[in-house]
Amino acid sequence: MFGTKMLYGAAYYPEHWERKHWARDAKLMKQAGFNVVRVGEFAWWNFEPREGVFDFTWLDDAIAGLYENGISTIIGTPTATIPAWMAKAYPHVMGMDDKGVRRPFGVRKDYCVLQPDFDRLAMRVVERVAAHYADDKRVIGFQTDNEFGSSRCRCGLCHEHFRKFLQRRYGTIDRINKEYGTWFWGAVYNSFDEIDLPTPACPNPSHGLDFKRFASFVDIEHQSKQIKLLRKLAPRKLITHNLMGLFSDIEYYEFCKDLDFVSWDSYPGNNTENRFADDSLAHAVMWSMKQANVLIMEKQSGPGGWTTYAPATAPGEQSMLAWQSIARGADGISYFRWRTSISGQEQYWHGIINHDNVPRRRYREVATMGKDVARLSSAIIGTEPVRQVGIYNNYDQIWATEYQHQNNDDPIRFNLVMREMAEALLLLGVDIGSFGDGQKLKDYKALVCPPLYLSNPKLVADLTAYVRAGGHLVLTARSGVKTINNKNLMQPLPGPFAELAGVEIDEYAVLPKDADWKVELPQGSIKTKRIREHLLVKKGTEIIGIHRGDYMDGLPAITKHKVGKGCVWYVGTLPSAADWRLLFQLILPGAKVDFRTDIPTGIEIAHRSAKGRQLTFVLNHAGKSQIVRLAGTATDLLGGKKCDGRVELPPYGVAVLNGRA
Ligand SMILES: [Zn+2]
């Protein structure tokens, strides 16, 4: 993606520090192996201290000093915070909350992107930045804004734009009444003028889903305007944005279409059990956006926090987490941030260097990692994460199950189930990937789908074609329930998936958290969780699991249905990650997916490959030494040792093994 070298660096804010610090900063960065920094994404005031008065000298000088030390720059367009002069001169640009009160100035993302005065001034500053750095060889490219998606405005203009959005989506008022089912509570609309943004409390679920779609669309449109300007004025520069992993307020597939590459901000926290499951899933999801390797634009470099701060990472832990990103498809790591800010809201968001400006343990660790990254670059660049099992990701499904999670005690949320399925697969050492609508499926040995609550006809067709051609597919309870616009279907469950699954749901019931019922399997059993469904089994469908307990005792719960050259599993409950781990041991052998059951707790194994070469990353997330069995002999490219049948890792240790071990 970036040539033959991995990128390595940090977010840097020269405008936060007196110039006397800059030369030493650049020198220390060089010593730590940096070749890139990101700058500028909150520096609107520095670029334009008074309306229409621009100044680039400060950044020109900072960039020059960095480049002399071999460090290139990625510039964030500075639209994530507006200057105070704008809030004063154009008070209507400030965002509005659901009580109709304008937000006060002083926090990031406190404005309304749809206000024409904001738009005009934002596009002008983007234009000036793009034009100024278009031919500057020291600048690799641009990051649009910063972490889109964190504000939601409800001003009059937003209501108006929402109406236009619906008009484009549905065309006629009759269609929207039908799609929403507005006959309920007599909420029928005579014209689009009568539609407002939905109540935040408990909207009609179809109306609520469209608000989520609209809010996402607003950010996508705003970014798209920035990208068009950047492309026009600086056509040779790369364009990216720093996404936020499993953050779900934006339809990221659409959002990423016009970016050259995906970068994202990874803050795994510290010392949480099986933390790596969430973070590895986030890596898979981010990789899937453009089905290409990514840059970690912000990697946790110390305890994060505003008024308080998180516990510190232990020695070695920060580097291990950076290696995890590389193992999962990052071709570059940029930490957040170089030095901890001495002022402002994020005073306790710790950088590589503390407030005292003395390089200590975290700096030394980053510098060691810098040497290792440079040394291993040629072995890693060109490889991609191996993906044997694909996990479905879809934002409409996430949003619909946010509004109606169906079970008070134990929510049925698409992304919760996605995380549990991922955790189970990762604990078995399976190489996971993530897929969205319309992506290529045939290379996956198996696909697993969290509840396909909304029906998407294209997805039904794609999954059917995948299975007929020999794929193995796992479907879960509460699939095929609703239309794509969040209204229940009037047909037997699992709706459009019934034919593929070879079952019909006779009855379903949500379960309290303390329900103690089971599904009996050929070997052992799993606990029923969140919901249980009684499956009516069609001819040719094999019963694998039987409900035990209460009135569904003895009835089918889990089935397997051969379709064409492949097969479909239907799981009539939504079990815990630990129980998915058991279930996958039944499902994966038929699909010829590689997995193992002897991975010690806290050990993560991931693979990257290219034609003719493979790498195995073994990461120890535990604070104790651990031994991991290997299939044969391999060389640890990181430690330089030969490993014969096993590798021993110190607390938070990492091995990068040559070959598939
Ligand atoms: Zn607004």
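This report describes a predicted model, going through its zinc site, its two sheets, and a set of individual residues in loops.

**Zinc site**

The zinc ion is held by four sulfur donors: the SG atoms of Cys112, Cys153, Cys155 and Cys158, at 2.3 Å. Because the 4 donor atoms subtend angles of 105 to 117 degrees around the zinc ion, the arrangement is tetrahedral. Along the chain, the donors follow the spacing C-x40-C-x1-C-x2-C. Cys112 and Cys153 link distant parts of the chain, 41 residues apart. Cys112 belongs to the loop between helix H4 (84–89) and helix H5 (116–133), whereas Cys153 belongs to the loop between strand S4 (139–143) and helix H6 (156–170). Cys112 has a relative accessible area of 1% and is therefore buried. Cys153, at 11% relative accessibility, also counts as buried.

**The parallel sheet**

An open sheet is formed by 9 strands in the order S5-S4-S3-S2-S1-S9-S8-S7-S6, with parallel pairing. Strand S5 (238–240) and strand S6 (242–243) are the edge strands, each pairing on one side only. Within this sheet, strand S7 (residues 263–266) and strand S8 (residues 294–300) are joined in the parallel sense over 4 bridges. Trp264 faces Ile296 in S8.

Helix H3 (residues 57–68) packs on this sheet and touches strand S2 (36–39), strand S3 (72–76) and S4. The direction of H3 makes about 150 degrees with that of S3. Helix H12 (residues 361–380) lies across strand S1 (7–11) and strand S9 (330–336), and runs at about 155 degrees to S1.

**The antiparallel sheet**

A second open sheet has 4 strands in the order S10-S22-S23-S26, and its pairing is antiparallel. Its edge strands, each pairing on one side only, are strand S10 (384–385) and strand S26 (654–658). S22 and strand S23 (residues 613–620) pair in the antiparallel sense over 8 bridges. Ala606 stands opposite Phe617 in S23.

H12 packs on this sheet too, where it touches S22, S23 and S26. The direction of H12 makes about 140 degrees with that of S23. H12 thus has contacts in both sheets: with S1 and S9 in the parallel one, and with S22, S23 and S26 in the antiparallel one.

**Asn485 and its surroundings**

Asn485 is located in the loop between strand S14 (472–476) and helix H16 (498–501). With a relative accessibility of 3%, Asn485 counts as buried, since the cut-off is under 20%. The side chain of Asn485 makes a polar contact of 2.8 Å with the side chain of Arg213. Beyond its neighbours within four places in sequence, Asn485 is in contact with Arg169, Tyr170, Glu179, Ser206, Leu209 and Arg213.

**Backbone geometry**

Most residues other than glycine have a negative phi, and most peptide bonds are trans. The residues below depart from one or the other of these patterns.

| Residue or bond | Backbone value |
|---|---|
| Phe336 to Arg337 | cis, omega about 5 degrees |
| Leu493 to Pro494 | cis, omega near 0 degrees |
| Arg530 | phi near 70 degrees |
| Lys592 | phi near 60 degrees |

Arg337 lies in the loop between S9 and H12. Pro494 is in the loop between S14 and H16, which is also where Asn485 is found.

Arg530 occupies the loop between strand S17 (525–527) and strand S18 (531–537). Lys592 is placed in the loop between helix H17 (577–591) and strand S22 (603–610). Both have a positive phi, but their accessibility falls in opposite classes: Arg530 counts as buried at 3%, whereas Lys592 counts as exposed at 63%.

**Glu18**

Glu18 sits in the loop between S1 and helix H1 (22–31). Its relative accessible area is 52%, so Glu18 is exposed, the cut-off being over 50%. Glu18 and Arg275 are 257 residues apart in sequence, and their C-alpha atoms are 39 Å apart in space.

Methods: Residues are numbered from 1 along each chain as its sequence is written. This is a predicted model: local features need pLDDT of at least 70, side-chain atom pairs count only at pLDDT 80 or more; totals for chains, interfaces and linings use all residues. Side-chain values use heavy atoms; hydrogens and water are left out. Donors are N, O and S atoms within 2.8 Å of the metal (3.2 Å for Na, K and Ca); water is not among the atoms, so sites may look incomplete. Four donors count as tetrahedral if all angles lie between 85 and 135 degrees; four count as square planar and six as octahedral if opposite donors are over 155 degrees apart and all others between 65 and 115; anything else is irregular. Helices (H or I, at least four residues) and strands (E, at least two) are DSSP runs, numbered from the N terminus. Buried means under 20% relative accessible area, exposed over 50%, partly exposed in between (1.4 Å probe, protein chains only). A polar contact is a pair of N or O atoms within 3.5 Å; within protein, one must be able to donate a hydrogen and the other to accept it, and residues adjacent in sequence count only if both atoms are side-chain atoms. Contact means heavy atoms within 4.5 Å. Two strands pair if DSSP finds at least two bridges between them. Axes are lines fitted to C-alpha atoms, for helices over the stretch in contact, and angles run from 0 to 180 degrees between N-to-C directions.
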